[in-house]
Amino acid sequence: MAVLDRFFELTGRGTTAGREVRGGLTTFMAMAYIILLNPIILAGAKDVTGARLSIAELTTSTALAAAITTLLMAFVGNAPFGLAAGLGLNAVVAYQAAPHMTWAQAMGLVVLEGFVIIVLAVTGLRTLIMNAIPLALKHAISVGIGLFIALIGLVDAGFVASGSGTPVQLGATGHLTGWPVAVFCFGLLLMILLYVRRVPAAILISIAVTAVLAIVVNSVNTIDPAAWGVVAPRMPESLVAAPDFGLVGQFDLFGGFVTAGALTATVVLFTLVLSGFFDAMGTIIGVSDEAGLVDEQGRVPRLGRILTVDGVGGMVGGAASASANTVFVESAAGVGEGARTGLASVVTGALLGLTLLFTPLAAVVPAAAAAPALVLVGALMMTQSRNVPWDDLELAVPAFLTIALMPFTYSITNGVGAGVIVYTLIKAVRGRFSEIPWLLWVVTLIFLAYFGIDWLEELFA
């Protein structure tokens, strides 16, 4: 135990091995859905030749890449972050890259994306950029992520849905209907009550109890499996399934530039780098802030190592044909359970690795059981709003846009980008150029290009 304490700095970060284990388990439970969801997203698209990827092979690749990168984060970054195929990044691969090139070539661009991010990290440029972001915006990023993951949880559970006359509405019909939503409501209330009573492992206990309830409800009622979302709760037919490594190593680094053309491939690579860069940046800042790991200047310990591992995650994900791996915002669920160090990531990574052999068990926990954790943690992250100086419009307006656009556009990158652009422009209009680091000007220009990427693509086509 003393060795663990020294290596992971348990005492220094005010945590214990027990809390780290609970936190690691909770993060795994909150993010395990990606092992099933990522294959569905990637297998749902065809490449330029009309080929589709195998779900069985994708499941193995997703779990393998997630386990490797999460364990790297544990031992190199000593941070309580789980890594897996990034939502949004996999959509870029499936629907922006694959239609113009083969799957191997698309995954080659993912490997290149990870390499670019590593270069930015090891040169210190990525750390400089993160440190150039004003502290108020960093707190706003935490709040925005809280709203974002709460919305993800509500949508995944069917509590919130696309409306017929409004962008969103309560439930699929404007009212709460169906057993899955009822199970979610039970799980959310149970989790809240246990948490406010300070019951140890409140989040994990609630997920487990709600998952068992979901299995029971699904077994005694005739419920459309689609109503549960990606995972329909049922007892697995078998406990063990042999992993299929057929897609591992199937990537072509530069073929996409030949097949799709230099411009199209460059735009895809630019989109992957930008989304991966700032999604991870926002998540790292937000989750670290919630964990109390950010110092008075808003800096995260071992940031350089954390960012390097995040870049390696992109390369590992591409090499395994699982799409780019990145820091998962669901790590906040583990932080809410007490995770503060890489020991939690050891637990998460080990469990992700075990899913290679026990893939059927990954289908046991439906969104109705896991989503309450995202909602509760979202509420906890909202408390960071107290650190935003709302009486200072130069900071309040950019902070508001950062917070609002993350859930409203379903993108962390969009929120960070809007906040940075408006902050820089406000300072410039006020003539306070000395308060704008030169790197912030560069980041602002990059975000302007990001928001106008379609116009730029047409201009240079």
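**Exercise 1. Decide whether Glu-435 is buried, partly exposed or exposed in this predicted model, then find its salt-bridge partner.**

Step 1. Start with the number: Glu-435 has 37% relative accessibility. Buried means under 20% and exposed means over 50%. That puts Glu-435 in the middle class, so we call it partly exposed.

Step 2. Now look for the partner. Glu-435 forms a salt bridge with Lys-427, and the closest N and O atoms are 2.6 Å apart. The cut-off is 4 Å, so this pair passes.

Step 3. Check the partner the same way. Lys-427 has 6% relative accessibility, so it counts as buried.

Step 4. Zoom out a little. Glu-435 and Lys-427 belong to one network, joined by salt bridges that share partners, together with Glu-394, Arg-430 and Arg-432.

**Exercise 2. Work out which parts of the chain the salt bridge of Arg-432 and Glu-394 ties together.**

Step 1. Confirm the bridge: the closest N and O atoms of Arg-432 and Glu-394 are 3.0 Å apart.

Step 2. Place both residues. Arg-432 sits in the loop between helix H18 (412-429) and helix H19 (438-451), while Glu-394 is in helix H17 (residues 393-409), so the bridge links parts that are 38 residues apart in sequence.

Step 3. Compare their surroundings. Arg-432 is partly exposed at 33% relative accessibility, whereas Glu-394 is buried at 5%.

**Exercise 3. Do the same for Arg-22 and Glu-337.**

Step 1. How many salt bridges does the structure hold? There are seven, and Arg-22 with Glu-337 is one of the pairs that form a salt bridge, with the closest N and O atoms 3.9 Å apart. With a cut-off of 4 Å, the pair still counts.

Step 2. Find the two ends. Arg-22 lies in helix H2, and Glu-337 lies in the loop between helix H14 (331-336) and helix H15 (342-354), so this bridge ties together parts 315 residues apart in sequence.

Step 3. Check exposure. Arg-22 comes out as partly exposed at 25% relative accessibility, and Glu-337 as buried at 8%.

**Exercise 4. Describe how helix H2 packs against helix H10.**

Step 1. Take the geometry. The axes of H2 (residues 17-31) and H10 (residues 202-220) come within 9 Å and cross at roughly 40 degrees. That angle makes H2 oblique to H10.

Step 2. Add the handedness: H2 passes H10 in a left-handed crossing.

Step 3. List who touches whom. Leu-25, Thr-26 and Met-29 from H2 meet Ile-203, Leu-204 and Ile-207 from H10. Sorted by class, the residues of this contact are five nonpolar, one polar and no charged.

**Exercise 5. Repeat the description for helix H9 and helix H16.**

Step 1. H9 (residues 179-196) and H16 (residues 367-381) pack at an angle of about 45 degrees, their axes 8 Å apart. That makes H9 oblique to H16.

Step 2. This crossing is right-handed.

Step 3. Look at the contact. Residues of H9 including Phe-184, Leu-188 and Ile-192 meet a set in H16 that includes Ala-371, Val-375 and Leu-380. The class count for the contact is 14 nonpolar, one polar and no charged residues.

**Exercise 6. Is Arg-197 buried or exposed, and where does it lie?**

Step 1. Arg-197 is in the loop between H9 and H10.

Step 2. With a relative accessible area of 69%, Arg-197 is exposed.

Step 3. For a sense of distance, try Phe-75: Arg-197 and Phe-75 are 33 Å apart in space, C-alpha to C-alpha, and 122 residues apart in sequence.

Notes:
Residues are numbered from 1 along each chain as its sequence is written. This is a predicted model: local features need pLDDT of at least 70, side-chain atom pairs count only at pLDDT 80 or more; totals for chains, interfaces and linings use all residues. Side-chain values use heavy atoms; hydrogens and water are left out. Axes are lines fitted to C-alpha atoms, for helices over the stretch in contact, and angles run from 0 to 180 degrees between N-to-C directions. Helices (H or I, at least four residues) and strands (E, at least two) are DSSP runs, numbered from the N terminus. Angles under 35 degrees count as roughly parallel, over 145 as roughly antiparallel, 65 to 115 as roughly perpendicular and the rest as oblique. A crossing is left-handed if the near helix is turned anticlockwise from the far one by less than a right angle, and right-handed if clockwise. Contact means heavy atoms within 4.5 Å. Ala, Val, Leu, Ile, Met, Phe, Trp, Tyr, Cys and Pro count as nonpolar, Asp, Glu, Lys and Arg as charged, and the others, Gly among them, as polar. A salt bridge is a side-chain nitrogen of Lys or Arg within 4 Å of a carboxyl oxygen of Asp or Glu. Buried means under 20% relative accessible area, exposed over 50%, partly exposed in between (1.4 Å probe, protein chains only).
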